[in-house]
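Visitor: Pick one stretch of backbone and give me a close look at it, then walk me outward from there. I'd like the cut-offs behind each term as you go.

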Amino acid sequence: MKLCIKYLGFRICVFVFCFLPSLFCPAQQYSVSEDLRFAQYLIDNNQYHDAIYILKKQAVQNIIPANADSINYYIGWSYYNLKILDSSAFYFSKVNSKPFYQKSAFYNAFDQSYLKKTGDAKNSLSSIRIENDSSLTKLRNLQYAGIALLERDYQQYEDCSKNFSYNYFPLSSEEKNFSDYYFRLKKIKKKSPLLAGVMSAVLPGSGKFYAGYKGQGLAALMTVGVLGISAAESYYRMGYKSPHFITLGSLFTIFYVGNIWGSAVSVKLAREHQLHELDDEILFDMHIPLRRIFN
């Protein structure tokens with residue numbers, strides 16, 4: 001009940017701030033900056049959907065071009081916090097002047113990287129106007145390095161890493177982490193699905209071991225082994241026409257063939273899983289310096 005009252009109060013606040021002024025004041029006197037301050041208040045209180053509603057309303061009615069960048073920035077920031085990154089990138093890309101230009105440009109590039117649009121991310125980074133700011137130059141280099149790792153472009157990463165100082169606090173830990181990711185990525189070998197299948201055909205479960213799933217390999221070995229022994233015992237005791245042998249033989253065949261197929265597929269899945277985990281870590285370390293420098 002208290003929560004409902006609190007929510008109702010909040011909605012009344014939105015109404016008072018947003019609509020009453022327009023009822024009693026002429027449109028040209030209505031202060032856009034008040035709306036922006038209220039939108040910022042909503043964003044600070046995690047009310048992103050309400051902030052977007054108000055800001056988009058202003059974007060349509062806005063009569064002062066100077067406020068357009070602020071409106072686009074706050075909309076982009078709201079979408080960013082809602083993790084709607086395509087919309088976030090769209091609004092960030094429309095910010096062209098200070099005080100929000102550089103932050104919007106870097107976050108736009110990060111959104112594109114997260115969405116796997118690394119080509120667009122590099123284009124966004126290259127177009128940022130930095131004006132002899134060494135901290136932003138280093139930040140851009142770090143973002144380029146992260147994108148190179150996401151693209152597995154190791155030569156490009158090596159070129160970027162030559163500019164790492166490892167002693168600039170906002171970036172130092174991420175630069176060290178990137179070096180670690182670089183070596184871990186290069187260690188991930190491309191294993192053969194065919195070899196995994198052949199191994200499991202010879203010794204059930206060994207293909208899963210090869211893929212890196214040791215627990216699954218052991219489970220497959222025990223399951224197929226028990227079924228094979230049971231089927232063989234039924235054959236020798238009751239003959240090949242007995243229902244017992246037919247049932248166990250069928251189960252053995254299903255699990256044996258399934259294990260071969262599963263081993264071949266698991267090689268690809270294991271590699272994708274490792275790369276996906278590393279991509280998440282790379283993106284995380286691309287994001288943290290943005291927070292440190294711009295927030």
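**A loop and what lies beyond it**

Guide: Let's start with Lys83, which sits in the loop between α5 (68–81) and α6; helices here are DSSP runs of H or I with at least four residues, strands are E runs of at least two, and both are numbered from the N terminus. Bear in mind that this is a predicted model, where local features need pLDDT of at least 70 and side-chain atom pairs count only at pLDDT 80 or more, while totals for chains, interfaces and linings use all residues. Residues are numbered from 1 along each chain as its sequence is written, and side-chain values use heavy atoms, with hydrogens and water left out.

What catches the eye at Lys83 is phi: it's positive, about 60 degrees, although the residue is not a glycine. For background, most residues other than glycine have a negative phi, and most peptide bonds are trans. Lys83 counts as exposed because its relative accessibility is 71%; exposed means over 50% relative accessible area, buried under 20%, and partly exposed in between, using a 1.4 Å probe and protein chains only.

Before the loop comes α5, and Ser70 is found in that helix. Ser70 is buried, with a relative accessible area of 14%. Its C-alpha is separated by 9.8 Å from that of Asn96, which is 26 residues away along the chain.

Follow the chain onward past α6 and you reach Pro99, in the loop between α6 (85–92) and α7 (101–114). Here's another backbone oddity: the peptide bond joining Lys98 and Pro99 is cis, with omega at about 10 degrees.

The loop between α7 and α8 holds Lys116. Phi of Lys116 is near 65 degrees, again a positive value in a residue other than glycine. At 64% relative accessibility, Lys116 counts as exposed. In helix α8 (residues 118–126) you'll find Ala121, and this one counts as buried because its relative accessibility is 0%. C-alpha to C-alpha, Ala121 and Asp111 are 7.8 Å apart in space and 10 residues apart in sequence.

Now for empty space. Searching the whole structure turns up 1 cavity of 30 Å³ or more. The term means a set of points, on a 1 Å grid over the protein atoms alone, where a 1.4 Å probe fits but cannot get out; lining residues have an atom within 4 Å of a point. The largest cavity holds about 40 Å³ of space, with grid points joined across faces, edges and corners and the volume taken as the space filled by probe spheres set on the points. Its lining consists of Lys122, Tyr144, Ile147, Ala148, Glu151, Asp153 and Gln156. Helix α9 (residues 134–150) contributes the most to that lining, with 3 residues. By type, the lining splits into 3 nonpolar, 1 polar and 3 charged; nonpolar covers Ala, Val, Leu, Ile, Met, Phe, Trp, Tyr, Cys and Pro, charged covers Asp, Glu, Lys and Arg, and the others, Gly among them, are polar.

Further along, the salt bridges come in, 7 of them across the whole structure; the criterion is a side-chain nitrogen of Lys or Arg within 4 Å of a carboxyl oxygen of Asp or Glu. One of them pairs Glu174 with Arg292, closest N and O atoms 2.9 Å apart. That pair links distant parts of the chain, with Glu174 in helix α11 (residues 169–187) and Arg292 in helix α15 (residues 243–294), 118 residues apart. Glu174 counts as buried at 2% relative accessibility, whereas Arg292 is partly exposed at 33%.

Another bridge joins Glu281 and Arg184, with closest N and O atoms 3.1 Å apart. Glu281 lies in helix α15 and Arg184 in helix α11, so this pair ties together parts that are 97 residues apart in sequence. Glu281 is partly exposed, with a relative accessible area of 28%, and Arg184 is partly exposed at 32%.

For a local pair, take Arg237 and Glu233, whose closest N and O atoms are 3.2 Å apart. Both lie in helix α14, 4 residues apart, about one turn of the helix. Arg237 counts as exposed at 66% relative accessibility, while Glu233 is partly exposed at 38%. Shared partners also join Asp180, Arg184 and Glu281 into one salt-bridge network.

Conventions
1 Å grid on protein atoms, 1.4 Å probe; cavity = no way out; pocket = protein on both sides within 12 Å on 5 of 7 lines; lining within 4 Å.
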